[in-house]
Amino acid sequence: MSFETFVDASLALLDLEILIWLLAGVLLGIVVGGLPGLGPPLGMAIILPLTLPLDAAPAIILLVGVYSGSMYGGSIAAILINTPGVSSSAATMFDGYPMSKQGRAGTALSISATASAFAGLFTITALILFSPLLAQMVLAVGTPERFLVALLGLCMITVITRGSFAKGLLAGFAGLLVTTIGSAQPVATDRRYSDHLLLFDGIDFVAVLIGLFAIAEMMKLAGQKGGIAEGEVTIDASGIREGIKSTFSRPVTVFKSGMIGMIVGAIPGAGATVSNFVAYSEAVRSSSEPETFGSGNEVGVVASESSNNGTVAGSLVPAISFGIPGSSSTAVLIGGLLMHGVTPGTQMFQADGELLLTYTMLLALLIGNVVILVVGLGAVTRLGYLTKIDTNYIIPMVVVLSFLGTYALRINPIDILTIIIFGVIGFYMVRYNYSVIAFVLGVVLGDIAEDNLRTALQLSDGSYMIFINPFEYGRWLSPILSLVIFWLLVGPFAKPWIDRKLGRN
């Protein structure tokens, strides 16, 4: 890769017009991400036709700015009102919202901004340095590996479940059952529960998330006087300093979660939602105090937010290298590239091709993360006041935004019914100590696992050996992932026995 091209891209970013479009994209992305039910794909899709009058560089930079900004923006609603602004912020709610209820909204928001920015800076830098190698690694990931990654996420139920293990498994299986509604992909087998075409495409998991968290929490808050925060709210400079200090005191978590986001994000079909839960579950697994997660543990926010913006870097690898969308957002980005006459592929990494645009886009993401840090920390003291607003005002606003955002997803009336039903389900799950996290894992990963399992078995003529036999199928990553999954399932039961054996020796 040409150093001269890298310098030219750096100089191109100094152009005032480019910087304005980048700033506009990041700010718009933060707003879009913060509105429940919208998220980066919708925001980028709305912006896409408006980029027609622009040249390729400012248009693509505007789109990636919206993408990066919205990945962070989703944490604002997740932390303040227990609503996933974007689906990839679902894990942030588990500890971010309890921190708000404890009066530490400022600290949680500061952690979110700092972890998102620095994980994004690190992973984008790694992408710039190792992009040719990463592009080759993506070729090793196929349908069998995507299924195993989804299965790995489902196995994390054994890690994150607290209290009754049976209740955790039951919740996880219930989430998987939700994904069986609608036609089975990719063969389009009709298994609708009724003759209504509204159910043909199944239940949208974003609508399920909004119901489980936003509506369920508003039902809970309906019986509470005052604001969201149950303690004294810290929204001054001390809260900002505490959040920054908390993030920098956990460099291993930031690095590890950012890398998880980057690796999982590079796997087509996985995306930020999967990496978010995998990073959060890994933080729980490696913690010396796993029982504190879900009640305001700062490490949970650091892990989930680090993985979000790490995923942005990873998802660009298959998108610009092979034109393979790793997520809905990168699908829109590929559409933007094609619309402006740029074909994803090897030319994106050739000096006589589009290498200048590639470098400009990646460097713009670096600057975008700095903007996220500045805007995020600058807005903390103002956003924190939302937790002090009386619930009589918050509840109707959140409910209306949830309904509008949900309906905007697919313009399907069934999604409105979905958030109502799952709002009630979420309310009673919390009341009777069923794991909402396990349920969400089942809902989010069920479709991904099923689609890739079917395709993998078609490739192997129905043989499951494709997941464990590297000699017959030449897939060395699959057996490694299978061994990790096996240990996750067996490890909790085998470890006490191994410890006893070692103790006697």
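**Exercises on helix packing and burial**

Helices H4 and H5 are oblique to each other. The exercises below concern a predicted model.

**Exercise 1.** Determine which class of orientation describes the packing of H4 and H5, and describe their contact.

*Solution.*
1. Two packed helices are described by the angle between their axes and the distance between the axes.
2. Helix H4 spans residues 56–81 and helix H5 residues 90–101; they pack at an angle of about 50°, and their axes are 6 Å apart.
3. Roughly parallel applies to angles under 35 degrees, and roughly perpendicular to 65 to 115. The pair H4 and H5 is therefore oblique.
4. The handedness of the crossing of H4 and H5 is right-handed.
5. On the H4 side, the contact is formed by Ser 75, Ala 78, Ile 79, Leu 80 and Ile 81; H5 contributes Thr 92, Met 93, Gly 96, Tyr 97 and Ser 100.
6. Sorted by class, the residues of this H4–H5 contact are six nonpolar, four polar and no charged.

**Exercise 2.** Describe the packing of H2 with H4 by angle, axis distance and handedness.

*Solution.*
1. Helix H2 covers residues 16–34 and packs with H4 at an angle of about 30°, the axes being 5 Å apart.
2. The crossing of H2 with H4 is right-handed.
3. The contact of H2 with H4 comprises 15 nonpolar and nine polar residues, with no charged ones.

**Exercise 3.** Decide whether Ser 89 is buried or exposed, and identify its surroundings.

*Solution.*
1. Ser 89 is located in the loop between H4 and H5.
2. The relative accessible area of Ser 89 is 0%. Buried means under 20%, so Ser 89 is buried.
3. Apart from neighbours within four places in sequence, Ser 89 contacts Met 71, Gly 74, Ser 75, Ala 78, Asn 276 and Asn 308.
4. Gly 33 lies 56 residues from Ser 89 along the chain, and their C-alpha atoms are 9.4 Å apart.

**Exercise 4.** Establish where Thr 418 lies and what its side chain reaches.

*Solution.*
1. Thr 418 belongs to helix H18, residues 413–431.
2. With a relative accessible area of 4%, Thr 418 is buried.
3. The Thr 418 side chain reaches the backbone oxygen of Ile 414 at 2.8 Å.
4. Residues up to four places away in sequence being excluded, Thr 418 touches Ile 203, Ala 207 and Val 208.

**Exercise 5.** State how many helices and strands the protein chain has, and what share of its residues is buried.

*Solution.*
1. The protein chain has 21 helices and zero strands.
2. Of its 505 residues, 57% are buried.
3. Among contacts between residues at least 6 apart in sequence, 78% join residues at least 24 apart.

Definitions and conventions: Residues numbered from 1 in each chain as written. Predicted model: local features only at pLDDT ≥ 70, side-chain atom pairs only at ≥ 80, totals over all residues. Heavy atoms only, no water. Axes fitted to C-alpha atoms, helices over the stretch in contact; angles between N-to-C directions. Helix = DSSP H or I, 4+ residues; strand = E, 2+ residues; numbered from the N terminus. Parallel < 35°, antiparallel > 145°, perpendicular 65-115°, else oblique. Left-handed = near helix turned anticlockwise from the far one by under 90°. Contact = heavy atoms within 4.5 Å. Nonpolar A, V, L, I, M, F, W, Y, C, P; charged D, E, K, R; others polar. Buried < 20%, exposed > 50% of the residue type's maximum accessible area, 1.4 Å probe, protein only. Polar contact = N/O pair within 3.5 Å; in protein donor to acceptor, adjacent residues only side chain to side chain.
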